[in-house]
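Thanks for taking a look at this one with me. Below are my notes, point by point, with the cut-offs given as each term comes up.

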Amino acid sequence: MPESLRIGRHLKPQDHWGWIIAIYLYLAGMGAGSFIIGIIIHWSTVSTKLIEIPLFSLHFDIAKATLLWGPVLVTMGAPFLILDLGIKRRFLYACLNPKTSWVARGFLILSSFIVLGWITLLLSSLPLLSSYIGASGLRGLESMALLLAVATAIYTGILLKSVKHVALWNTYLLPLLFLISALSTGSMSLLMGIFAMKKSLLQGVFSSSLIKMVMETEQILILIEGIVLVIYLYRRNLTNSQGEQGGLSVRLLLKGKLKFLFWGGIVLSGFLFPFVLESLFSQFPEYPILFWFAGILLLLGGLFLRYGILSAGVKNRIPMERWIEAQHLLKSLRIKER
């Protein structure tokens with residue numbers, strides 16, 4: 001292994017957070033991003049598609065349900081946090097100490113968004129229920145849920161940034177990167193939901209110009225996310241205030257043991273291929289397979305992005321560890337001199 005990628009005895013990537021936390025961060029971010037984009041679309045159009053439910057003679061607005069289903073994804077992601085922390089003392093301790101734990105603060109943010117998001121989803125999808133609080137009351141609930149969705153998307157990055165002993169995570173560029181990724185994956189999941197139902201239930205509900213605008217916005221988000229990722233890795237590679245750990249983490253991603261995940265799973269799957277395939281689909285809309293491939297690859301890329309950043313997080317060494325490694329190095333030099 002090249003000298004630049006050699007990891008010392010006390011300098012290694014963290015192995016506590018893996019796929020479980022990556023899935024948790026991914027679903028929470030994608031669900032929040034989907035809700036943000038969906039609310040914006042919901043506020044910009046009045047088109048509806050009511051479907052009558054035989055039970056209690058209710059009417060169900062499938063169009064609004066498709067736009068505002070983000071809380072469902074966040075709800076699906078929450079159990080992964082519980083699975084990682086454990087259901088007993090560790091989970092309760094982490095979630096009941098918001099003054100000292102970002103896990104607890106995030107639990108409050110996510111749980112608040114899940115509750116208010118589900119209420120908003122049900123009230124918006126069932127006109128009979130929303131009539132009881134009125135249009136202004138519903139708009140107020142939607143606005144509060146939107147703020148919580150933004151907080152949820154940002155929090156997925158702040159949770160990692162709060163870990164001070166991992167230089168790769170300790171930057172405000174990470175919450176920004178995760179926010180843009182949440183909007184990108186969220187808008188794509190929203191588009192996939194619309195396309196899946198467009199042929200039947202949502203026929204004629206969303207105009208082609210609106211769908212085109214969302215797709216163009218999603219492509220812009222891919223470009224912005226790529227630019228932020230480059231700046232993020234560049235800044236972490238140059239950071240010297242916290243030692244060599246940031247640069248080592250970047251090298252692990254670019255040319256170390258995580259290089260196939262980074263270049264194949266993140267760059268190609270999450271950025272290049274979706275952008276190219278969506279561009280081709282805009283020119284050849286008669287081939288929807290291009291869009292579906294783009295969507296699946298982009299969503300996979302969002303998951304790989306979080307797992308890659310988690311896996312590349314090299315822990316900072318405490319002073320005692322640095323002293324021990326220095327002693328080991330001196331001992332090795334003395335043996336060579338003999």
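Where is the place of Gly157? Gly157 sits in helix α7, and point 3 returns to its surroundings.

1. **Ground rules.** This is a predicted model, in which local features need pLDDT of at least 70 and side-chain atom pairs count only at pLDDT 80 or more, while totals for chains, interfaces and linings use all residues. Residues are numbered from 1 along each chain as its sequence is written, and side-chain values use heavy atoms, with hydrogens and water left out.

2. **The chain as a whole.** The protein chain has 13 helices and two strands; helices here are DSSP runs of H or I with at least four residues, strands are runs of E with at least two, and both are numbered from the N terminus. Of the 338 residues, 49% are buried (buried is under 20% relative accessible area, exposed over 50%, partly exposed in between, with a 1.4 Å probe and protein chains only). The chain exposes about 17,100 Å², and carbon and sulfur atoms supply 69% of that area (Shrake-Rupley method with a 1.4 Å probe; for residues, only the protein chains shown count as cover). Among contacts with a separation of 6 or more, 77% join residues 24 or more positions apart; contact means heavy atoms within 4.5 Å.

3. **Gly157.** With a relative accessible area of 0%, Gly157 is buried. Its C-alpha atom is separated from that of Pro175 by 3.8 Å, although the two residues are 18 apart along the chain. Leaving aside neighbours within four places in sequence, Gly157 is in contact with Leu174, Pro175 and Phe178.

4. **Lys161, a buried charge.** Lys161 is also found in helix α7, which covers residues 134-161. What is the nearest side chain of opposite charge to Lys161? It is Glu225, 20 Å away, and Lys161 is buried yet has no salt bridge. For the charges, Lys and Arg count as positive and Asp and Glu as negative, with His and the chain ends not counted. A salt bridge is a side-chain nitrogen of Lys or Arg within 4 Å of a carboxyl oxygen of Asp or Glu. Not counting residues up to four places away in sequence, Lys161 touches Trp169, Asn170, Thr171, Tyr172 and Leu174. Leu174 is thus listed for Lys161 and for Gly157.

5. **The salt bridge.** A search of the whole structure finds one salt bridge. Glu142 forms a salt bridge with Arg139, and their closest N and O atoms are 3.6 Å apart. Because Glu142 and Arg139 are three residues apart in helix α7, they are separated by about one helical turn. The two ends differ in exposure: Glu142 counts as buried at 2% relative accessibility, whereas Arg139 is partly exposed at 41%. As background, side chains of opposite charge can pair when their charged atoms come close.

6. **Cavities.** How many cavities of 30 Å³ or more are there? The count comes to two, and about 60 Å³ of space lies in the largest cavity. On a 1 Å grid over the protein atoms alone, a cavity is a set of points where a 1.4 Å probe fits but cannot get out, and lining residues have an atom within 4 Å of a point. Grid points are joined across faces, edges and corners, and the volume is the space filled by probe spheres set on the points. The lining of the largest cavity includes Glu225, Phe271 and Leu305. Helices α8 (173-198), α11 (259-283) and α12 (288-311) each supply at least two lining residues, and α12 gives the largest share, four residues.

7. **Helix α9.** Gln219 has its place in helix α9, and so does Gly226, with the helix spanning residues 208-238. Gln219 counts as buried at 14% relative accessibility, and Gly226 is buried at 18%. Gln219 and Phe271 are 52 residues apart in sequence and 9.3 Å apart in space, C-alpha to C-alpha. Beyond four places in sequence, Gln219 touches Phe275, Glu278 and Ser279.

8. **Leu25.** In helix α1 (residues 19-44), Leu25 is buried, with a relative accessible area of 0%. Its contacts, leaving aside neighbours within four places in sequence, include Thr156, Phe178 and Arg306.

Technical notes. On a 1 Å grid over the protein atoms alone, a cavity is a set of points where a 1.4 Å probe fits but cannot get out, and a pocket is an open set with protein on both sides within 12 Å along at least five of seven lines; lining residues have an atom within 4 Å of a point.
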